[in-house]
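Reader: I'm new to this structure and could use a hand reading it. Could you take me through a few features, one at a time?

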Amino acid sequence: MMQADGLGVSRGGRSVLRGVSLGLRPGQVLGVLGPNGAGKSSLLGLLSGELRADAGSVLLDGQLLQDWPGRQRAQRLAVLPQTSSLGFGFQVKQVVRMGRMPHDTGLALDQQIVEQVLEAVDASHLAGRNYLQLSGGERQRVHLARVLAQLWPGADGQVLLLDEPTSMLDPLHQLSVLDAVRRFADHGASVLVILHDLNLAARYCDQLLLLGDGGVQASGSPEQVLQPAALQRVFGIDVLVQRHPERGHPLIIAR
Amino acid sequence: MMPSQVARWLFAALAGLLLLSIWLSLALGPVNLPLADTLHALFGLSGLGAPASPQAELIVGQIRLPRTLLGLMVGAVLALTGVAMQGLFRNPLADPGLIGVASGAALGAALVIVGMSRWMTLPAAIEPYVLSAAAFAGGLLVTGLVYRLGRRDGQTQVATMLLAGVALTALAGAVIGLMTYLADDATLRALTFWNLGSLNGASYARLWPLLLVALGVALWLPRRADVLNALLLGESEARHLGFDIEQVKRELILCTALGVGAAVAAAGLIGFVGLVVPHLMRLLVGPDHRLLLPASALAGGALLLFADLAARLLVAPAEMPIGIVTALIGAPFFLYLLIRSRH
């Protein structure tokens with residue numbers, strides 16, 4: 001669970017975000033959409049404590065984010081950055097196991113969790129491989145497994161923040177990875193995910209937040225947010241919005 | 001995690017190598033002692049066995065044992081702090097000298113060596129202590145300056161620190177060059193030996209400070225193996241895993257400054273050990289610091305003893321500075337690793 005109120009931050013004298021409020025509810029996936037430079041990653045930085053807000057506050061599980069001791073915070077809040085700079089040849093399962101560092105659950109349980117999260121992101125076959133020999137998409141799945149391991153199996157009160165977890169994935173893994181995130185949220189954790197693909201957002205998110213120009217342009221259910229007028233205003237694209245013939249969620253088609 | 005069976009064999013092999021280096025270091029020299037006599041002398045000295053021949057006890061006890069202990073500790077500390085810096089900078093090419101501690105220590109020593117020869121004379125009995133103290137202080141001062149230059153908004157910018165370290169190292173090098181220019185022939189020789197390192201002149205009295213620091217480093221760093229692993233993911237990632245990264249950076253820098261400062265104060269500048277040993281051990285045991293740190297400590301001690309053997313046996317009865325040996329072995333070996341990793 002996470003509650004943010006009136007968040008604002010500026011960099012180099014320029015306001016990057018202002019007046020952003022949002023609530024992450026247990027078991028829900030909130031998607032954050034917006035064009036490049038809209039302030040999505042800054043928002044994630046504020047929610048994860050990486051950036052200090054000039055205005056507003058962030059509550060994690062009912063307590064101010066900066067008041068949590070590091071280890072207890074890490075047991076409730078996991079963050080997947082957009083890119084990783086790991087340049088050392090760990091085995092994949094060693095990388096994933098690092099997600100268990102905030103816990104003292106013991107080798108046996110940790111190994112079991114590592115197997116389960118690797119299975120969840122369809123990377124079991126990579127467990128013994130050298131991380132440096134993986135492709136970009138495989139590395140992205142390994143890091144997703146690592147942050148999932150940090151909160152696994154997921155419970156009410158926990159928060160997972162994901163910055164474009166599907167940016168390097170092939171179409172099959174875009175779906176399977178977000179399926180896994182969806183199932184993870186079903187255990188009670190709250191998930192915030194930054195996405196660029198509007199149709200993926202419509203398919204997997206319970207709530208959407210449309211950011212543009214440093215502020216919230218629209219928020220609500222996918223049906224409420226994914227309107228042609230709002231998308232025209234924020235992204236400058238001309239689209240048709242229809243219903244998915246089988247699943248019923250909005251389907252965005254460029255004209 | 002590598003198969004623990006393989007890890008166990010590797011550690012057994014490293015421990016064997018270390019024991020071999022200790023034995024050779026105690027047994028070989030102008031007078032070669034058989035293994036039995038060396039052991040006998042050790043037992044006699046420790047009071048556990050019957051006294052050995054006075055000659056063997058004198059050679060082992062007064063000359064070779066302090067020298068061997070010095071080599072072990074200098075090698076282990078340089079290798080351990082090398083691992084710490086490569087972890088902090090997340091770069092396998094980092095070296096404990098990067099944060100300016102080695103050049104600062106050399107500068108402190110050079111100032112004292114040249115200063116004493118030109119302007120004042122100290123009693124010979126305290127001269128080595130003044131020299132060591134000046135080296136230690138110089139190392140800490142320059143590192144403190146590098147650290148201050150790398151601070152911004154309450155955070156330590158590792159990249160800025162690295163650049164500050166490079167600049168201050170160059171500055172210290174220039175001042176040392178100036179000292180060399182001012183030095184007379186005898187002082188020049190002392191400076192050269194200092195800048196290239198030597199285990200010569202080891203005595204128990206000079207061992208104690210290094211022993212304390214080395215024990216501290218060897219006990220403390222392995223307790224930070226987890227956070228060093230997490231740091232390799234990135235500073236933010238390590239923070240998200242619950243570590244207080246600013247605190248850890250301070251501790252790693254302090255630990256390296258104390259360790260390298262004490263090592264340089266005791267034995268001069270010995271290059272390449274802190275760079276090559278962690279690199280080589282990473283190839284053998286992988287990047288996991290829980291294995292990498294102890295492996296590097298064992299290998300660092302052994303490597304330095306073998307290098308010292310070469311330094312004092314190859315040109316006997318004279319002695320080469322040990323830094324020449326480590327660089328002669330280390331640099332080509334490093335190039336070999338570089339070329340091999342490209343294929």
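Author: Let's talk through confidence, a sheet, a pair of helices and a chain contact. Keep in mind that this is a predicted model.

Reader: Okay, confidence to begin with. Where in chain A is it lowest, and where is it highest?

Author: The low end is strand β2 (residues 14–24) of chain A, with a mean of 91. The high end is strand β8 (residues 190–194) of chain A, at 97. Across chain A the average pLDDT is 94, and 100% of the residues score at least 70.

Reader: Now the sheet. How do I read one?

Author: The general idea is that strands of a sheet pair through backbone hydrogen bonds, either parallel or antiparallel. Here, chain A has an open sheet of 6 strands with mixed pairing, in the order β6-β7-β8-β3-β9-β10. Its edge strands are β6 (77–80) and β10 (215–220) of chain A, each pairing on one side only. On average, neighbouring strands of this sheet are turned by 15 degrees against each other, direction ignored.

Reader: In what sense do β3 and β8 of chain A pair?

Author: Parallel: strand β3 (residues 29–33) of chain A and β8(A) share 4 bridges. To find one on screen, look for A:L30, whose bridge partner in β8(A) is A:L192.

Reader: Which strands does helix α1 of chain A lie across?

Author: Helix α1 (residues 40–48) of chain A lies across β3, β6, β7 (159–163), β8 and β9 (207–212) of chain A, and runs at about 155 degrees to β7(A). Helix α5 (residues 136–151) of chain A also packs on the sheet, where it touches β6 and β7 of chain A. The direction of α5(A) makes about 175 degrees with that of β6(A).

Reader: And two helices against each other?

Author: Two packed helices are described by the angle between their axes and the distance between the axes. In chain B, try helix α1 (residues 4–27) and helix α13 (residues 289–313): their axes come within 9 Å and cross at roughly 25 degrees. That angle is why α1(B) is called roughly parallel to α13(B). The crossing is left-handed. Residues of α1(B) in this contact include B:F11 and B:L14, while α13(B) brings B:L298 and B:F306, among others. By class, the contact has 16 nonpolar, 3 polar and 1 charged residues.

Reader: Last one: how many residues of chain A are in contact with chain B?

Author: 20 residues of chain A, meeting 18 residues of chain B. On the chain A side, α2 (70–76) and β6 are the elements giving two or more residues. The largest share, 4 residues, comes from α2(A). By class, that side has 10 nonpolar, 7 polar and 3 charged residues.

Technical notes: Residues numbered from 1 in each chain as written. Chains lettered and ligands numbered in written order. Predicted model: local features only at pLDDT ≥ 70, side-chain atom pairs only at ≥ 80, totals over all residues. pLDDT = per-residue confidence, 0-100. Pairing = 2+ DSSP bridges. Axes fitted to C-alpha atoms, helices over the stretch in contact; angles between N-to-C directions. Contact = placed C-beta atoms within 7 Å. Parallel < 35°, antiparallel > 145°, perpendicular 65-115°, else oblique. Left-handed = near helix turned anticlockwise from the far one by under 90°. Nonpolar A, V, L, I, M, F, W, Y, C, P; charged D, E, K, R; others polar.
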